[in-house]
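Dear colleague,

I am handing over the structure we spoke about, and it is shown just below. My notes on what was found in it follow, beginning with the ligand and then moving outwards to the chain as a whole.

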Amino acid sequence: MTALGPADWPPSAPISTPRLVLRPSEARDRPAFVELFSSPEVGAHIGGARPREEVEGAMPEVPGRRPGAFVAELDGAMIGLVTLDPRDPGRPDPVRPEAGGTELGYLFLPEAWGRGYAGEACAAALDWFAATLPGEPVVLCTRTDNARALRLAEKLGFTELERFEAYGAEQWLGVR
Ligand SMILES: CC(C)(COP(=O)(O)OP(=O)(O)OC[C@H]1O[C@@H](n2cnc3c(N)ncnc32)[C@H](O)[C@@H]1OP(=O)(O)O)[C@@H](O)C(=O)NCCC(=O)NCCS
């Protein structure tokens, strides 16, 4: 099991898709990060939105600077975040040997939903990951009632490993 490290990150150049650019975060993305993490629509799917002042106060000057964290930019402005993070060993899901050490996450601003941007960005990030760490599996976990997230996972080629109960809801664990 290999994780992304400083040798892999950042990519040698921003990644361009037909409509988007994927790149590491910058200070100018801060307002969009605050928006993302205080949005009630986004928060409804990730354990609840936090009050804007609290998010604003806690947000670093340059948020999201870590290996595998891609800002998705449309026409020069951040619309979402795609992450390839090491899996948290404290996760509540049952340990499965086929589940690798990397987990895909995606969060987009609600005004960008329903246009295929998240799918386009995630597909490009997964292609980059596969070229960087060939053969490494990627897992994804979402609540089964998060219809958009689940539809996207299946479109991206994730297949179900199992369902389990955690955080008061049924969770879907997929692998690709
Ligand atoms: C999960 C999330 C990223 C999905 O966003 P999304 O916009 O629905 O996902 P996609 O990029 O796959 O877009 C698919 C939709 O775009 C539509 N679409 C429009 N133009 C399109 C295009 N050119 N290409 C592809 N799809 C297109 C599709 O028909 C589909 O519409 P539908 O939702 O009405 O069926 C978003 O809902 C989100 O940020 N949610 C909150 C955070 C969250 O839940 N994250 C996951 C936690 S595990």
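The ligand is surrounded by 19 residues, and the closest of them are His 45, Gly 116, Ala 118, Gly 119 and Thr 142. Please keep in mind throughout that this is a predicted model. Sorted by class, the shell around the ligand holds 10 nonpolar, 6 polar and 3 charged residues. Three elements, namely β5 (102–108), α4 (117–132) and α5 (147–155), each supply at least two residues of that shell, and α5 gives the most, with 4 residues.

Since α5 stands out in this way, I looked at that helix in more detail. Its buried residues are Ala 149, Leu 152 and Ala 153. These three cover an arc of only 100° around the axis, and they therefore sit on the same side of α5. On the other side of the helix, Ala 147 and Arg 151 are exposed. What do the buried residues of α5 pack against? They pack against β5 and α4, and also against β6 (138–143) and β8 (169–175), so that β5 and α4 appear here again after being named as contributors to the shell around the ligand. Just after α5, Gly 157 takes a positive phi of about 100°.

Further along the chain, strand β7, which covers residues 159–166, pairs with β8 in the antiparallel sense over 7 bridges. Within this pairing, Glu 162 has Leu 173 of β8 as its bridge partner. The hairpin of β7 and β8 has 2 residues between the strands, and Tyr 167, which lies in that loop, has a positive phi of about 50° although it is not a glycine. Tyr 167 counts as exposed because 9 other C-beta atoms lie within 10 Å, where the cut-off for an exposed residue is 12 or fewer.

Two other places in the backbone may be worth a look while you have the model open. Asp 75, in the loop between β3 (69–74) and β4 (77–86), also has a positive phi of about 50° although it is not a glycine, and with 8 C-beta neighbours inside 10 Å this residue is classed as exposed. The peptide bond from Trp 9 to Pro 10 is cis, with omega near 0°, and Pro 10 belongs to the segment before β1 (15–16).

As for the protein chain as a whole, it has 5 helices and 8 strands, which follow one another along the sequence in the pattern β-β-α-α-α-β-β-β-α-β-α-β-β. The radius of gyration is 16 Å, close to the 16 Å that the globule rule gives for 176 residues, so the chain is as compact as a globular protein of that length. The C-alpha trace spans about 40 × 35 × 30 Å along its principal axes, and buried residues make up 26% of the 176 residues. Of the contacts with a separation of 6 or more, 67% are between residues 24 or more positions apart.

With best wishes

Note on methods. Residues numbered from 1 in each chain as written. Predicted model: local features only at pLDDT ≥ 70, side-chain atom pairs only at ≥ 80, totals over all residues. Near = placed C-beta within 6 Å. Nonpolar A, V, L, I, M, F, W, Y, C, P; charged D, E, K, R; others polar. Buried ≥ 20, exposed ≤ 12 C-beta atoms within 10 Å, placed from the backbone. Arc of directions from axis to C-beta. Contact = placed C-beta atoms within 7 Å. Rg over C-alpha atoms; globule rule 2.2 N^0.38 Å. Pairing = 2+ DSSP bridges.
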